[in-house]
Amino acid sequence: MAESTCVKCGHTSFEMAEAAISGLRFKRDFLQCGRCGGVVGVIESDNLNARLDAIEERLKVLAGAPDARSSVSRNFTPGPKHTA
Ligand SMILES: [Zn+2]
């Protein structure tokens, strides 16, 4: 596999740097060159997964889980097996 390099200076190691970007509500992490700081990628910052988990939990509550989940499992219990 080819070695990843900074397009600006050719360096081969990178680092993350948190950045607040004008006009954006949430901070981002820049993936940047470890030598010159040239930005090579932008990643959603830190708490995104935690926020998604919190949203999922709220959706479960709004959907009526865990009661809904248990009724679903009751509804999907297999019926009598067909015999040939
Ligand atoms: Zn560089």
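What follows is a walk through the fold of a predicted model, from overall make-up to individual elements.

The protein contains two helices and three strands, and read from the N terminus the order is β-β-β-α-α. Burial is scarce: of the 84 residues, just 4% count as buried. As for contacts between residues at least 6 apart in sequence, 29% link residues at least 24 apart. Confidence comes out at a mean pLDDT of 82, with 74% of the residues at 70 or more. One stretch to treat with care is residues 68–73, where pLDDT drops below 50. Beyond near neighbours in sequence, that stretch makes one contact in the model. Where pLDDT is low, predicted coordinates are not something to read in detail.

On to the sheet. The three strands make an open, antiparallel sheet, ordered E1-E2-E3. Strand E1 (14–19) and strand E3 (39–44) sit at the edges with a single partner strand each, so each has one side without a neighbour in the sheet. From one strand to the next, the twist averages 30°. Pairing of this kind runs through backbone hydrogen bonds, and can be parallel or antiparallel in general.

Strand by strand, the ladders look like this. E1 and E2 are joined by six bridges in the antiparallel sense, and alanine 17 faces phenylalanine 30 of E2 across that pairing. On the other flank, E2 (residues 28–33) is joined to E3 by five bridges, again antiparallel; here aspartate 29 is found opposite isoleucine 43 of E3. Side chains along a regular strand alternate between the two faces of the sheet. How much of E1 is buried? Of its six residues the buried number is zero, so E1 lies largely in the open.

After the sheet comes the helical part. Helix H1 covers residues 48–62, and its geometry checks out: at 1.5 Å a residue, its 15 residues should span 21 Å, which agrees with the 21 Å between its end C-alpha atoms. H1 is also hardly covered, with a buried count of zero among those 15 residues. In an α-helix there are 3.6 residues a turn, so residues three or four places apart point the same way. Just past the end of H1, glycine 64 adopts a positive phi of about 95°.

Put together, the model pairs an open antiparallel sheet with a helix that is hardly covered, in a protein where buried residues amount to 4%.

Note on methods:
Residues numbered from 1 in each chain as written. Predicted model: local features only at pLDDT ≥ 70, side-chain atom pairs only at ≥ 80, totals over all residues. Helix = DSSP H or I, 4+ residues; strand = E, 2+ residues; numbered from the N terminus. Buried ≥ 20, exposed ≤ 12 C-beta atoms within 10 Å, placed from the backbone. Contact = placed C-beta atoms within 7 Å. Pairing = 2+ DSSP bridges. Axes fitted to C-alpha atoms, helices over the stretch in contact; angles between N-to-C directions. pLDDT = per-residue confidence, 0-100. Expected span 1.5 Å × (residues − 1).
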